[in-house]
Amino acid sequence: MPRIATLIAALPLLVGCSKTLDPQLYPSEESLFEASMDAYREGDCGLARQGFQRLVFELPGQDERQASVRYYLGECMLQGDEALEAARQFRRVADEYPRHTLAPDGLLRAGDAYAQLWDDAELDPTYGETALATYGELVGRYPTSAAAGRARLRIAGLNEMFAEKGYKSGVFYYRLKAFDSAIIYFRNVAADYPASSFAGLSVVKLIETYDRIGYVEERDEMCVYLQQYYPGTEGVEDQCSRGA
């Protein structure tokens, strides 16, 4: 019992020591901005977020510091699993302060936030499509930036996921014997994502589908294509030796 009483007595002290950016301690926009940035650099996003959220309202809209405030607020939101709201903050950096040094990174991180919401190729791809469009916008608006270089790598990764989704959809329809639909998916993967690891596999399945429905000319044409562009793909010899 005495131990419990001691713990209860200590609660007010613990609450009183909880971290906060007291407005009385940081009365000016400059002092609050510096304190918020210091908290962020020290890895305390909970504390930094308090300051950034106040600064969003307290700093004039045209103040260039708003770009940093919204960018790092977005980073804190992304760490807190608020990817959609984080994406909105990042976008505002690029849209409202397009000449700020953080503008390219704002678009990059907006794309990252949307990509985080599409982390499985079998899910609805809407957020993945938005991420891809955002990365593409970054490359178009700031082509020589370091952020654009990173975006190009992200685009390749997303394309791999889209190719996987298309390939699996084709396999699904193939198993249902909905061959026309399967053909559409397999052809689209090969045409739209030729550099992906699923392109060759899609051509193999396309050949298998043509073989299944007796489209000999189309099958032979795809075998030539497969052997020319994806010769090392598993199933090449098996599929293209038939009827040769």
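This section describes helix α8, the nonpolar cores, the largest pocket and two loop residues of a predicted model.

Helix α8 spans residues 146-175 and comprises 30 residues. From its first C-alpha to its last, α8 reaches 45 Å, close to the 44 Å expected at 1.5 Å a residue. Its buried residues are Ala147, Ala148, Ala151, Leu158, Phe162, Ala163, Gly166, Tyr167, Ser169, Gly170, Val171 and Tyr174. The packing partners of these buried residues are α6 (103-117), α7 (126-141), α9 (179-192) and α10 (199-213).

In soluble globular proteins, nonpolar side chains tend to be buried together. In the present model, the largest nonpolar core contains 48 residues. Within this core, the residues with the most contacts are Tyr40, Phe52, Leu55, Val69, Tyr72, Tyr135 and Leu138. At least two core residues are supplied by each of α2 (29-41), α3 (45-58), α4 (65-79), α5 (83-96), α6, α7 and α8. Helix α4 provides the largest share, with 8 residues. When residues up to four places away in sequence are not counted, Phe52 touches Ser36, Met37, Tyr40, Val69, Tyr72, Leu73 and Cys76. A second core, separate from the largest one, has 23 residues, among them Ala182, Val203, Leu206 and Cys223.

The largest pocket has a volume of about 160 Å³. Its lining consists of Pro125, Glu129, Phe162, Lys165, Gly166, Ser169, Tyr185, Asn188, Val189, Asp192 and Tyr193. Both α8 and α9 contribute at least two residues each to this lining. By residue class, the lining comprises 5 nonpolar, 3 polar and 3 charged residues. Phe162, Gly166 and Ser169 are buried residues of α8, and these residues also line the largest pocket.

Backbone geometry was examined at two loop positions. Most residues other than glycine have a negative phi. Asp81, which is not a glycine, nevertheless has a positive phi of about 60°. This residue lies in the loop between α4 and α5. Asp81 counts as exposed because its relative accessibility is 67%, above the 50% cut-off. A positive phi, near 65°, is also found at Lys177, again a residue other than glycine. Lys177 follows just after α8, in the loop that connects α8 and α9. With a relative accessibility of 58%, Lys177 therefore counts as exposed.

How values were computed: Residues are numbered from 1 along each chain as its sequence is written. This is a predicted model: local features need pLDDT of at least 70, side-chain atom pairs count only at pLDDT 80 or more; totals for chains, interfaces and linings use all residues. Side-chain values use heavy atoms; hydrogens and water are left out. Helices (H or I, at least four residues) and strands (E, at least two) are DSSP runs, numbered from the N terminus. The expected span of a helix is 1.5 Å times one less than its number of residues. Buried means under 20% relative accessible area, exposed over 50%, partly exposed in between (1.4 Å probe, protein chains only). Contact means heavy atoms within 4.5 Å. A nonpolar core is a set of buried Ala, Val, Leu, Ile, Met, Phe, Trp, Tyr and Cys residues joined through side-chain atoms within 4.5 Å. On a 1 Å grid over the protein atoms alone, a cavity is a set of points where a 1.4 Å probe fits but cannot get out, and a pocket is an open set with protein on both sides within 12 Å along at least five of seven lines; lining residues have an atom within 4 Å of a point. Grid points are joined across faces, edges and corners, and a volume is the space filled by probe spheres set on the points. Ala, Val, Leu, Ile, Met, Phe, Trp, Tyr, Cys and Pro count as nonpolar, Asp, Glu, Lys and Arg as charged, and the others, Gly among them, as polar.
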